Amino acid sequence: MSTKTIQVLPSILSARMGHLAADCGRAMEAGADGLHFDVMDGHFVANLTLGPDVLKALREELPKAYLHVHLMVDRPDFYAPRFIEAGADAVLVHAESPCNVASALETIRSAGKKCGAVICPETPVDAVAGLADAKLIDEVLVMTVHPGFGGQAFLESGLPKLQELRRRWPWLDLSVDGGVNTQTGARCAAAGANILGAGSFLFKADDMGKAIGEMRRAAEVACGG
Ligand code: DX5
Ligand code: ZN
C-alpha cells in the first residue's frame with residue numbers, strides 16, 4: 001500500500017469522440033484529478049486513436065486539466081516531444097517499445113514534464129529496474145489488461161507487480177490501467193497503486209461524480225485511510 005494521495009484519472013478512450021471536450025469537461029467537474037489520454041499507432045497495438053492535434057484542442061478547451069498521456073506506439077521517442085508541445089503534463093512510454101526508451105524518457109523529463117514507464121501484463125518488474133534505480137522515471141504504469149482496447153476484464157497479474165514496485169521503489173508513483181472499477185481499484189491501491197485510470201467504468205456510470213468519489217474512497221480505505 002502507499003501513503004501517497006489517491007488520484008483518479010478517467011480514460012478518455014471511453015468518452016464519446018463526437019463530444020470529447022464536453023465529456024472531458026464533465027469528468028473534470030465530476031472530481032477527476034486529470035484525464036488519461038490513450039495514444040495508439042496501429043503498430044504497437046492493433047488500434048488507432050488520438051494524435052497530438054486532439055490533445056492540443058483538448059488543452060485549449062481545458063487549460064487547467066492535468067493530461068496524462070499513455071503512448072502505445074512504436075516510436076515514443078518521435079511522438080513524446082509532439083505531445084509535450086501540444087500540452088501534455090505527463091508522458092508514459094512502454095518499456096516494450098522497440099526504440100531507445102531511456103532516451104525518450106530523458107526527452108520528456110528535460111522538457112520539465114512527468115515521465116513514466118509502462119509495463120504490459122506479461123512484462124516483469126525487472127524491465128523497469130534499471131530506469132527506477134537510476135531515477136530516470138517518476139511513475140510506473142502497470143497494465144491490468146493487454147493494451148489496445150477499453151472494456152476488457154481486469155487481470156490479477158498486476159497486483160504482485162504493484163507490491164514489488166512499491167517495496168523496491170517506495171518513492172515512485174504507481175498507476176494502473178485496464179478493467180479498473182471501485183473493487184479492482186481498491187485491490188490495486190492495497191497493493192501499492194496511487195493513481196487509478198478507469199475508462200468504461202467511469203464514463204458509463206449514471207453519476208460520474210459518485211463513481212469517482214466511491215472509487216477514491218474505497219482506495220483510500222484499502223490504504224488504511
Ligand atoms: C487500454 C487503455 C486504457 C483503457 C482502459 O489499452 O490503455 O486506458 O481506456 O479502459 P477500461 O477502463 O475500460 O478498461
Ligand atoms: Zn491507457
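Trainee: How are the donor residues of the zinc ion (ligand 2) spaced in sequence?

Mentor: The spacing is H-x1-D-x31-H-x106-D. Keep in mind that this is a predicted model.

Trainee: What makes H36, D38, H70 and D177 donors of the zinc ion (ligand 2)?

Mentor: Distance. A donor is an N, O or S atom within 2.8 Å of the metal. The protein atoms here are H36 NE2, D38 OD, H70 ND1 and D177 OD, and they lie 2.0 to 2.3 Å from the zinc ion (ligand 2). They pass the cut-off.

Trainee: Why is the site of the zinc ion (ligand 2) called octahedral?

Mentor: Six donors count as octahedral if opposite ones are over 155 degrees apart and all others between 65 and 115. This site has 6 donor atoms, with angles of 70 to 172° among them. The site is classed as octahedral.

Trainee: What do D38 and D177 tie together?

Mentor: D38 lies in strand β2 (residues 35–40) and D177 in strand β7 (residues 173–177), so the pair links parts that are 139 residues apart in sequence.

Trainee: Are D38 and D177 buried or exposed?

Mentor: Buried, both of them. That label requires under 20% relative accessible area. Across the protein, buried residues make up 53% of the 225 residues.

Trainee: What is the strand order of the open sheet?

Mentor: The 8 strands run β1-β8-β7-β6-β5-β4-β3-β2, and the pairing is parallel. β1 (7–10) and β2 are at the edges with a single partner strand each, so one side of each lacks a neighbour in the sheet. On average, neighbouring strands are turned by 25° against each other, direction ignored.

Trainee: How do you know that β7 and β8 pair?

Mentor: Pairing needs at least two bridges. Strand β8 (residues 195–198) is joined to β7 by 3 bridges. The two strands run parallel. The bridge partner of D177 in β8 is G197.

Trainee: Which strands does helix α2 touch?

Mentor: Helix α2 (residues 52–61) packs on the sheet and touches β2 and β3 (67–72). The direction of α2 makes about 170° with that of β3.

Trainee: How many helices and strands does the protein have?

Mentor: The protein has 9 helices and 8 strands.

Trainee: Why is the protein called as compact as a globular protein of its length?

Mentor: Its radius of gyration is 16 Å, close to the 17 Å that the globule rule gives for 225 residues, so the description holds. The C-alpha trace spans about 45 × 40 × 30 Å along its principal axes.

Key: Residues are numbered from 1 along each chain as its sequence is written. Chains are lettered from A and ligands numbered from 1 in the order in which they are written. This is a predicted model: local features need pLDDT of at least 70, side-chain atom pairs count only at pLDDT 80 or more; totals for chains, interfaces and linings use all residues. Side-chain values use heavy atoms; hydrogens and water are left out. Donors are N, O and S atoms within 2.8 Å of the metal (3.2 Å for Na, K and Ca); water is not among the atoms, so sites may look incomplete. Four donors count as tetrahedral if all angles lie between 85 and 135 degrees; four count as square planar and six as octahedral if opposite donors are over 155 degrees apart and all others between 65 and 115; anything else is irregular. Helices (H or I, at least four residues) and strands (E, at least two) are DSSP runs, numbered from the N terminus. Buried means under 20% relative accessible area, exposed over 50%, partly exposed in between (1.4 Å probe, protein chains only). Axes are lines fitted to C-alpha atoms, for helices over the stretch in contact, and angles run from 0 to 180 degrees between N-to-C directions. Contact means heavy atoms within 4.5 Å. The radius of gyration is taken over C-alpha atoms; the globule rule is 2.2 Å times the number of residues to the power 0.38.
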